[in-house]
Amino acid sequence: MQLNVGLIGFGMAGQVLHAPLISSVVGLRLTKVYARREEQQHILRTKYPDVNIVTDVQDIFNDEQIDLVVIATSNDVHFSLCKAALLGGKHVVVEKPFTNTLEEANELIAIAKSQGKLLSVFHSARWHSDYLTVKDVIASGELGRLVTMEIRYDRFRNYLRPNAWREDDLPGSGIWFDLGAHLIDQTLQLFGKPQALFASLRKMREGVGAVDDFEVLLYYPQIKVSLKGSMLVKEPTPRFALYGTEGAFVKPGVDPQEAALREGKTPADLQNWGEEPEEIWGILNTTAEEPENRRKIRSQKGNYPGYYENVRDAILGKAELAVTAEQARDVIYLLQLAERSWDEKRVLSVD
């Protein structure tokens, strides 16, 4: 069975991530795309000549042939578009972060249940090569009892990008909601909910309206997790650093999938899709006897298409949904709790 997909939004996320990934998954057909700008429509006509371009979202909501609606817009309209799509009887995938508030997330979950429709959030970082590798290293037990983990998501841009909503003082803007959402989701998958958190959410570049530097500590009974991100990191830092009673694992580099998609490549084009070069494999250093005490760990293959394959199978009743709306709601709760922690300058318990 083939599922027809309507994509709302053809900016960076729609062009670079969702359209090529949807098109690469057997059983999904990119049918309609909402795109108002002429340059976006030109790209669609060139790359996806069989797609129907629309300039009114109702053309997607009202189309009985559309099974799945994917929302790849700015964060401020995630809630309203999700709600309309669900009430229109569609399954829905929405870009992360899920919503801007916990209340919005709860309302959408209730609507999805009442409509009997799938609702998922594109937490694609679960399919990153580095995260998949870290999961394996932790499961191996070679680190002993894990005591500290640091995850970083840094960039360098010492100027403000013109007309970029993510840098304006808007709900859901800034790198805490953008990049921090990935790091929280990964941490929740590894360790579950923390007991408490403390946050520093700053605006470091002159004139910036939204958070562009964050450091958030998540406290577990025996593990401390540090989440960090900044727009002013010129020298590369490790993506993951794990420290345990029997050793350490440090993982540099960035999952290669988004860069390949930005270059116009797709999973169908590359046989080695998602494979990292050896120079960014992580280093595992343990108390084991030489020569096994310090060695490179081959990275797992990243697998963005796996997200949409799971959504397809979940809609068809062949698999459990990997990224549920309830999981994404927990991310929103912690994103908001961190904002409150920074406002009050104190450690807050996680309910």
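The following paragraphs describe a predicted model, beginning with its sheet and moving on to helices and aromatic side chains.

The sheet is open and contains nine strands, ordered S14-S13-S12-S11-S7-S10-S9-S8-S15, and its pairing is mixed. Strands S14 (294-297) and S15 (348-349) occupy the edges; each has a single partner strand, so one side of each lacks a neighbour in the sheet. Within the sheet, strand S11 (residues 240-244) and strand S12 (residues 247-251) run antiparallel and are joined by five bridges. Leu242, for instance, has Phe249 in S12 as its bridge partner.

Helix H6 (residues 129-140) packs on this sheet, where it touches strand S7 (146-152), S11, S12, strand S13 (282-286) and S14. The direction of helix H6 makes about 10° with that of S11. Helix H8 (residues 180-191) lies across S7, strand S9 (213-219), strand S10 (224-230) and S11, and runs at about 155° to S7.

Attention now turns to the aromatic residues. The structure holds six aromatic pairs. One of them is formed by Phe122 and Tyr307 in an edge-to-face arrangement, with 5.0 Å centre to centre and 85° between the planes. Because Phe122 belongs to strand S6 (residues 119-122) and Tyr307 to helix H10 (residues 305-315), this pair ties together parts that are 185 residues apart in sequence. Phe122 and Tyr307 are both buried. Ring pairs also link Phe122 and Tyr307 with Trp127 and Tyr308 into a cluster.

Charged side chains meet aromatic rings as well. Arg239 lies over the face of Tyr153, 4.7 Å from the ring centre. Lys345 places its charged end over the ring of Trp342, at 3.9 Å from the centre of that ring.

Technical notes
Residues are numbered from 1 along each chain as its sequence is written. This is a predicted model: local features need pLDDT of at least 70, side-chain atom pairs count only at pLDDT 80 or more; totals for chains, interfaces and linings use all residues. Side-chain values use heavy atoms; hydrogens and water are left out. Two strands pair if DSSP finds at least two bridges between them. Helices (H or I, at least four residues) and strands (E, at least two) are DSSP runs, numbered from the N terminus. Contact means heavy atoms within 4.5 Å. Axes are lines fitted to C-alpha atoms, for helices over the stretch in contact, and angles run from 0 to 180 degrees between N-to-C directions. Rings of Phe, Tyr and Trp (its six-membered ring) pair if their centres lie within 6.5 Å; planes under 30 degrees apart count as stacked, over 60 as edge-to-face and the rest as tilted. Buried means under 20% relative accessible area, exposed over 50%, partly exposed in between (1.4 Å probe, protein chains only). A charge sits over a ring if NZ of Lys or CZ of Arg is within 6 Å of the ring centre and within 35 degrees of the ring normal.
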